[in-house]
Amino acid sequence: MIAKQFIKYTASVFGLILFTTSSYAQDASLATSSPGGTVYNIGLAIAEAGTLSEFDIRVTPFKSTTQAIPVVANGQVTFGLANAYELKMADTGTVSFQNSRINGLRIVSALYPMRMGLMVRADSDIYSVSDVIGRNVPSGFGSTATGELLVSAFLASSELSYEDVNQINVASFSDMATAFQAGRTDVMIGVLGSGRDARIAENVGGVRILSLIKNTKAEKRMQDFVPVARMDSVLASSNILGVSDDSYALTYDYYLYTSENTPDDIVAKALDALLSKKDIIAGTVSSFANYSVVTATRDIGILFHPAALEFFNK
């Protein structure tokens with residue numbers, strides 16, 4: 001978990017450095033995760049969509065999307081990408097942002113549903129979440145607020161916890177992927193349909209995604225750790241890597257967010273790029289092909305930027 005002191009350090013030091021270099025040479029900047037990750041690649045796709053819409057966006061990577069939230073809220077970076085849970089924690093001052101509520105956050109748009117599950121090698125003898133007992137599981141996650149919470153949610157859905165597994169410390173999601181490929185862990189957090197996991201599959205000889213057990217009690221145990229999550233069905237016919245049977249995945253949405261002080265025209269330009277060039281972004285995240293005004297306005301209890309509301313109500 002992130003200590004609140006570390007969050008403040010990120011905002012006051014790293015953020016100020018970015019402010020001196022990212023706000024003048026282009027229309028906007030976009031905070032992402034570190035290079036090579038799924039969120040970083042999505043950021044690149046959004047920047048490409050912006051370029052094609054004559055709206056210059058510079059991708060600004062952070063070690064984790066959580067670290068970027070206070071910097072974006074302060075206006076030192078124009079936009080950020082974060083999942084629903086990170087934003088709720090920041091907006092309410094809970095969990096990783098305990099007693100360090102981030103003021104001034106505004107939603108620009110829900111982007112796409114992120115569906116996840118525990119991922120194993122194709123030749124693994126782990127076939128269900130219950131089989132993870134006593135196995136090597138990533139933990140820690142350093143600056144990444146949601147890492148341990150996600151793993152805890154997967155385990156809890158089958159009435160397990162970190163006490164039932166062998167905890168292997170990792171520093172970030174990228175480090176988690178490295179540990180999995182090196183054989184130091186037996187499972188990792190898989191993101192269904194992601195290019196990152198496709199590359200990992202090539203390196204390890206194939207992967208499988210473990211289905212969650214779908215029932216009310218299992219979903220409630222999962223939501224004890226990730227309240228904004230839901231269980232969505234994933235059909236085998238969808239031809240998603242690692243899914244050979246109809247199954248269920250932990251799902252929440254990813255968001256584009258900004259500061260309450262971001263000018264209206266900048267927000268409108270960003271939304272125009274998302275809608276008019278969504279096929280570009282869908283090349284990185286296939287589910288973005290379903291992006292629309294309806295999906296963009298999914299509410300998680302955080303205020304939308306007024307320019308976004310105006311744009312969606314046209």
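**Exercise 1. Find the residues that line the second largest cavity, then sort them by character.**

Solution. Start with the wall: M119, V191, L192, G193, S194, D197, V207, I209 and L241 line the second largest cavity. Keep in mind that you're looking at a predicted model. Next, the space: this cavity holds about 40 Å³. Now sort the lining, and you get six nonpolar residues, two polar and one charged. Glycine goes with the polar group here.

**Exercise 2. Do the same for the largest cavity, and say which helix gives the largest share of its lining.**

Solution. About 50 Å³ of space lies in this one. Its lining is made up of L30, I46, I57, F79, L256, A270, A273 and L274. Sorting is quick: eight are nonpolar, with no polar and no charged residues. For the helix, look at α9 (residues 264–276), which supplies three residues, the largest share.

**Exercise 3. Describe the lining of the largest pocket: which residues are closest to its centre, and which element gives the most?**

Solution. The volume is about 440 Å³. Of the 30 lining residues, S33, G37, T38, F173 and R196 are the closest to the centre. Several elements each bring at least two residues, including α2 (38–52), β4 (105–121) and β10 (247–259). Helix α6 gives the most, with six residues. By character, the lining splits into 13 nonpolar, 14 polar and three charged.

**Exercise 4. Classify the ring pairs Y112–Y254 and F141–F173 as stacked or tilted.**

Solution. Searching the whole structure turns up five aromatic pairs. Take Y112 and Y254 to begin with: their ring centres are 5.8 Å apart and their planes meet at 5°. Planes under 30 degrees apart count as stacked, so this pair is stacked. Y112 sits in strand β4 and Y254 in strand β10, 142 residues apart, which makes this a link between distant parts of the chain. Both tyrosines are buried, Y112 at 4% relative accessible area and Y254 at 5%.

Now F141 and F173: the centres are 5.5 Å apart and the planes are at 55°, so this pair is tilted. F141 is in the loop between β5 (136–140) and α5 (147–157), while F173 is in helix α6, so the pair ties together parts 32 residues apart in sequence. F141 is buried at 0% relative accessibility, but F173, at 25%, is partly exposed.

**Exercise 5. Which residue puts its charged end over the ring of F180?**

Solution. Go to F180 and look over its ring: the charged end of R121 sits there, 5.6 Å from the ring centre. While you're hunting rings, note that F304, F311 and F312 form one aromatic cluster.

Terms used:
Residues numbered from 1 in each chain as written. Predicted model: local features only at pLDDT ≥ 70, side-chain atom pairs only at ≥ 80, totals over all residues. Heavy atoms only, no water. 1 Å grid on protein atoms, 1.4 Å probe; cavity = no way out; pocket = protein on both sides within 12 Å on 5 of 7 lines; lining within 4 Å. Points joined across faces, edges and corners; volume = space filled by probe spheres on them. Helix = DSSP H or I, 4+ residues; strand = E, 2+ residues; numbered from the N terminus. Phe/Tyr/Trp six-rings, centres within 6.5 Å; stacked < 30°, edge-to-face > 60°. Buried < 20%, exposed > 50% of the residue type's maximum accessible area, 1.4 Å probe, protein only. Lys NZ or Arg CZ within 6 Å of the ring centre and 35° of its normal.
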